[in-house]
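Could you walk me through this structure? I'd like to get a feel for how its parts fit together, without too much ceremony.

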Amino acid sequence: EEIHQVKTASKMKAYRSSVISINAMLLPLLLGTNPVQSFLSPSHNSLSKTSCMFPPSVSTELSMAKSKTTKKKKASSSGLKGFGSSSSASSKSTAGGTIDRSQSALKFYDYLQRNGGGDNLKRVGLGYFPLQIGPNEEDVIQLRGVIALRDISKGEPIIEIPYEMALDLGRENADPTLPATALLQKYCAWRSNSDGPPGDKERGDYFAMLPPYLSDDCLGSTDFFSDEALEMLQSPMIVEETTSRRELVQARYERDVQPMAEMSSNLYRWESSKEGDDADSNIATQSHLQWASWIITSRVLTVQGSPESNTANRVLIPLIDMCNHDRDSPHILTGRAMPGGMLKVLAGVDVKSGDAINIGYGGNVEGNDRFIQDYGFLDAGGSKERGEKTKGNGEFVAEAYKIVAKKLLGKGRTTAKLTVEEEERALEALGETSLKHDEELLASGKVVKSDERMALEYRIGVKNGYTVLW
């Protein structure tokens, strides 16, 4: 039997994936070599089982205690690292994080139980982890992700989700707006309580865990940047791709969503209709489809189908898609998109109770040019990587910025090579301002809009990447 590593569907322009096949007999060797990981790509610190049952005092924690509200601090302009943060958390702490027992989390745990994923709750749950977002002690938010509830041994499953629980959005292709229309239709049916397949309504407790429309998570993506913020990126390629993405969404909305919504009173209703409402007042907008397309690029995994099919499908996998991002994650995504299949995260190292269960987005090979578009945050470096000092003045430069700099200098190993003309345009745009100017502007506090500040941080990071490589 083959184990197939899952690869994220992280690109809208190229929207490609690679699925690595390995023989099951070689798995112990692979685990020992800290393999390159792949993301369920979104949009998400370090991923890190034993046969004994989880102690009753802890295994029942997820359904017994009341949640309490903690104050949510303002997120950094760099966005959230994947699944996102929330203001509601548990009062029960583990060694590394705090268990989430909010009402929405408890409903999601029940959803897992009802659909064959309940055993995961003996190993993991949702939790909150402190994330430093600024230089001051008070610059800390609580980042929600997946937390280990007990020790898990290397090579054993951390998460196991039956394929039937996943939302299969069809074959992989170059246009994510197509699966986005399917997702939006199902999401609207749940949100507006419209008529629809019972299975779609059953997913409501999962849909409630997705990043909300126009939340901080999605607003970190260039899909939602203002024109001024796009200009501040000093990246012609990102601006052009973002424009192309928006045009794809507009075309799909005008061709598929709007006509279907006008023909049926049950399709694509963002809100429940009330007496006296205009028939078209509650129809999902083009902006809603833009959000759904971002959900696809940030959270969908491309999963190999049955051995006979030689196809790959785009799949939303509950719980797995709630893992946050860590470029240094050793954990492995495996499984097949087929009836009876099990989609898993296997431990690449021993996991301790309280650890964050994180994975590497974008196959751990993408730079921040993709992260700022596809996921809505800037990768500041993996948990191990942040210990390095690589800039001339001793300041840390994240690998995700060096990857972009390499690409622009023609030194990258990416298949999406830039032409000489594109390289020249990119370097000319970055040369419009100096690194010193940009750093002084950021420090001045004059740039206050989150998208503009994030654009400024991006171009500073890329220029710092140049200082390392030049």
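What follows is a tour of some salt bridges, a helix, a sheet and a surface patch.

One thing to keep in mind from the start: this is a predicted model. Let's begin with the charged pairs. With a side-chain nitrogen of Lys or Arg required to sit within 4 Å of a carboxyl oxygen of Asp or Glu, the count comes to 22 salt bridges. Three of them are worth a visit, since they link distant parts of the chain.

Take Arg 370 and Glu 241, whose closest N and O atoms are 2.7 Å apart. Arg 370 belongs to helix H12 (residues 368-375) and Glu 241 to helix H10 (residues 236-263), so to speak two distant parts of the chain, 129 residues apart. Are these two residues buried or exposed? Both Arg 370 and Glu 241 are buried. The pair is also part of something wider: Asp 223, Glu 241, Arg 245, Arg 370 and Asp 374 are linked in a network of salt bridges.

Stay with helix H12 for a moment. How many of its residues are buried? Eight of its eight residues are, which leaves H12 mostly covered. The list includes two members of the network, Arg 370 and Asp 374, along with residues such as Phe 371, Ile 372 and Tyr 375. Right after H12 comes Gly 376, with a positive phi near 90°.

Now for a salt bridge with a bit more solvent around it. Arg 114 pairs with Glu 202, and their closest N and O atoms are 2.9 Å apart. Here the link runs from helix H4 (residues 103-114), where Arg 114 is found, to helix H6 (residues 198-202), home of Glu 202, across 88 residues of sequence. Arg 114 counts as partly exposed because its relative accessibility is 45%, and Glu 202 is partly exposed too, at 27%.

The third pair joins strands. Glu 160 and Lys 344 form a salt bridge in which the closest N and O atoms are 3.7 Å apart. Glu 160 lies in strand S9 (residues 157-162) and Lys 344 in strand S14 (residues 342-346), so this contact ties together parts that are 184 residues apart in sequence. Lys 344 is partly exposed, given its relative accessible area of 26%.

Speaking of strands, there's a small story in one of the sheets. Three strands make an open sheet in the order S6-S7-S8, with antiparallel pairing. Strand S6 (98-99) and strand S8 (140-148) each have a single partner strand and stand at the edges, so one side of each has no neighbour in the sheet. S6 pairs with strand S7 (residues 124-132) in the antiparallel sense over two bridges, and Ile 99 stands opposite Gly 127 in S7.

Out on the surface, which residues form the negative patch? They are Asp 227, Glu 228, Glu 231, Glu 421, Glu 424, Glu 428 and Glu 432. Helix H9 (227-232) and helix H14 (420-430) each supply at least two of the patch residues. Glu 424 lies in H14 and counts as exposed because its relative accessibility of 51% is over the 50% cut-off.

Last stop: Tyr 187, in helix H5 (residues 177-191). Tyr 187 is buried because its relative accessible area is 5%. Tyr 187 and Tyr 268 are 81 residues apart in sequence, while their C-alpha atoms are 8.4 Å apart in space.

Note on methods: Residues are numbered from 1 along each chain as its sequence is written. This is a predicted model: local features need pLDDT of at least 70, side-chain atom pairs count only at pLDDT 80 or more; totals for chains, interfaces and linings use all residues. Side-chain values use heavy atoms; hydrogens and water are left out. Helices (H or I, at least four residues) and strands (E, at least two) are DSSP runs, numbered from the N terminus. Buried means under 20% relative accessible area, exposed over 50%, partly exposed in between (1.4 Å probe, protein chains only). Two strands pair if DSSP finds at least two bridges between them. Patches are made of residues with over 30% relative accessible area and no salt bridge: like charges are joined within 9 Å, nonpolar side chains (Val, Leu, Ile, Met, Phe, Trp, Tyr) within 5 Å. Accessible areas come from the Shrake-Rupley method with a 1.4 Å probe; for residues, only the protein chains shown count as cover. Lys and Arg count as positive and Asp and Glu as negative; His and the chain ends are not counted. The place of a charge is taken as NZ of Lys, CZ of Arg, CG of Asp or CD of Glu.
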